[in-house]
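This report describes the cavities, pockets, nonpolar cores and selected residues of one structural model. The text is to be read alongside the sequence and coordinates.

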Amino acid sequence: MDALFRMYGRIFARPQLYRFNRFLYNLSLRGIGVLNWETEELQGEYRNLHMIMQSAGPGTAVLDVGANNGDFSAMVTSLAPDVTVHAFEPHPETYARLEKRFRGTKVTCHNFGLGDEEGSVSLFDYEGSDGTGHASINAGVIDGIHGGKVESREITVRRLDKVIDEIGLTHIHLLKIDVEGAELDVLHGLGKKLSDGLTIDYVQVEFNEMNVVTRVFVEDLCAKLENYRIYRILPAGRLLDITDERAVMREIFGFQNLIFSKTKLV
């Protein structure tokens with residue numbers, strides 16, 4: 001196989017073949033679970049969530065961090081109606097829609113973000129918008145990655161360890177984090193909870209080009225979640241174990257959903 005790779009490099013590593021190689025590269029990315037964002041079936045999130053929630057008993061806690069309009073929380077409650085969901089959304093206008101959607105249900109909505117410090121920070125979004133899924137504490141996500149005009153507002157940020165104590169949780173079935181590149185900050189906010197006895201069965205993290213802005217690697221997430229195996233979600237909910245993969249196959253800054261699990265899944 002190495003001989004084949006060397007031969008390919010000698011023959012095809014040419015500037016005039018860049019478009020051809022780029023085409024093959026983009027095909028390969030989708031084959032290993034990267035950039036499959038266009039449809040729910042391609043993302044595989046719902047099918048994978050169905051598998052995870054089968055082991056969730058009544059009253060099990062799920063945390064939806066970066067809930068936006070609540071689609072993920074709605075998927076959880078549709079699959080496991082007896083689960084308790086805590087949805088966190090700091091953008092005031094987005095939160096208003098979220099709270100209205102789940103009023104009177106088992107989804108508890110929280111109008112603050114989660115990070116590594118308690119206090120207030122600037123949240124950046126597109127100028128004139130009423131809250132989008134790209135809102136981030138990093139302005140570069142809006143103007144650098146997406147090329148939009150930036151508008152900021154102050155939001156409240158809490159540490160997850162303090163919130164967990166206030167809610168009274170000792171076991172979390174699923175912690176989902178989708179905060180446009182600031183996922184590691186949320187994990188930092190756990191403090192020593194994992195070593196002090198808190199059990200989190202699964203952690204789902206979206207990883208994408210926003211992590212270039214925040215300078216966060218998959219390796220950084222793995223370091224915070226020691227003793228977890230890491231999987232990339234493939235279309236139709238299939239899982240690819242990348243726990244022992246080399247950096248060149250793990251540090252890919254394109255849309256992907258990662259699942260960290262305390263137990264081996266495949």
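A pocket is, on a 1 Å grid over the protein atoms alone, an open set of points with protein on both sides within 12 Å along at least five of seven lines, whereas a cavity is a set of points where a 1.4 Å probe fits but cannot get out; lining residues have an atom within 4 Å of a point. Grid points are joined across faces, edges and corners, and a volume is the space filled by probe spheres set on the points. The model is predicted, so that local features need pLDDT of at least 70 and side-chain atom pairs count only at pLDDT 80 or more, while totals for chains, interfaces and linings use all residues. Residues are numbered from 1 along each chain as its sequence is written, and side-chain values use heavy atoms, with hydrogens and water left out.

**Pocket and cavity**

The second largest pocket has a volume of about 270 Å³. Its lining comprises 16 residues, and those nearest its centre are Leu194, Ser195, Lys224, Leu225 and Glu226. Strand S8 (199-207) and helix H11 (218-224) are the elements that give two or more residues to this lining; helices (H or I, at least four residues) and strands (E, at least two) are DSSP runs, numbered from the N terminus. By class, the lining of this pocket has eight nonpolar, four polar and four charged residues. In this classification Ala, Val, Leu, Ile, Met, Phe, Trp, Tyr, Cys and Pro count as nonpolar, Asp, Glu, Lys and Arg as charged, and the others, Gly among them, as polar.

The count of cavities of 30 Å³ or more comes to one. About 40 Å³ of space lies in the largest cavity, and its lining consists of Gly33, Asn36, Leu42, Gln43, Ile233, Phe255, Gln256 and Asn257. At least two of these lining residues come from each of helix H3 (40-43) and strand S11 (256-261). The lining of the largest cavity has three nonpolar, five polar and no charged residues.

**Nonpolar cores**

A nonpolar core is a set of buried Ala, Val, Leu, Ile, Met, Phe, Trp, Tyr and Cys residues joined through side-chain atoms within 4.5 Å. Buried means under 20% relative accessible area, exposed over 50%, and partly exposed in between (1.4 Å probe, protein chains only). The largest nonpolar core has 34 residues, and Leu175, Ile177, Val203 and Phe260 have the most contacts inside it. Two or more residues of this core are given by each of strand S1 (61-65), helix H8 (160-167), strand S7 (171-177), helix H9 (183-188), S8, H11 and S11. S8 supplies the largest share, four residues. Another core, of 24 residues, lies apart from it and includes Leu49, Ala56, Met75 and Ala80.

Contact means heavy atoms within 4.5 Å. Leaving aside neighbours within four places in sequence, Ile177 is in contact with Val65, Glu183, Val186, Leu187, Val203, Gln204, Val205 and Glu206. One of these partners, Val186, is found in helix H9. On the same sequence exclusion, Val186 is in contact with Val65, Leu114, Gly115, Leu160, Ile177 and Val179. The C-alpha atoms of Val186 and Gly113 are separated by 8.8 Å, and these residues are 73 residues apart along the chain.

**Selected residues**

The accessibility of five residues is tabulated below.

| Residue | Relative accessible area | Class |
|---|---|---|
| Val186 | 1% | buried |
| Ser129 | 16% | buried |
| Arg22 | 48% | partly exposed |
| Arg215 | 61% | exposed |
| Asn227 | 69% | exposed |

Ser129 lies in the loop between strand S5 (119-126) and helix H7 (139-145). Which groups does the side chain of Ser129 reach? It makes a polar contact with the side chain of Asp125 (3.4 Å), and reaches the backbone oxygen of Tyr126 at 2.9 Å. A polar contact is a pair of N or O atoms within 3.5 Å; within protein, one must be able to donate a hydrogen and the other to accept it, and residues adjacent in sequence count only if both atoms are side-chain atoms. Not counting residues up to four places away in sequence, Ser129 touches Glu93, Glu151 and Arg153.

Arg215 has a positive phi of about 60 degrees although it is not a glycine, and lies in the loop between helix H10 (210-214) and H11. Asn227, in the loop between H11 and strand S9 (229-233), is not a glycine but has a positive phi of about 70 degrees.

Arg22 is placed in helix H2 (residues 18-31). The C-alpha atoms of Arg22 and Leu98, 76 residues apart along the chain, are separated by 40 Å.
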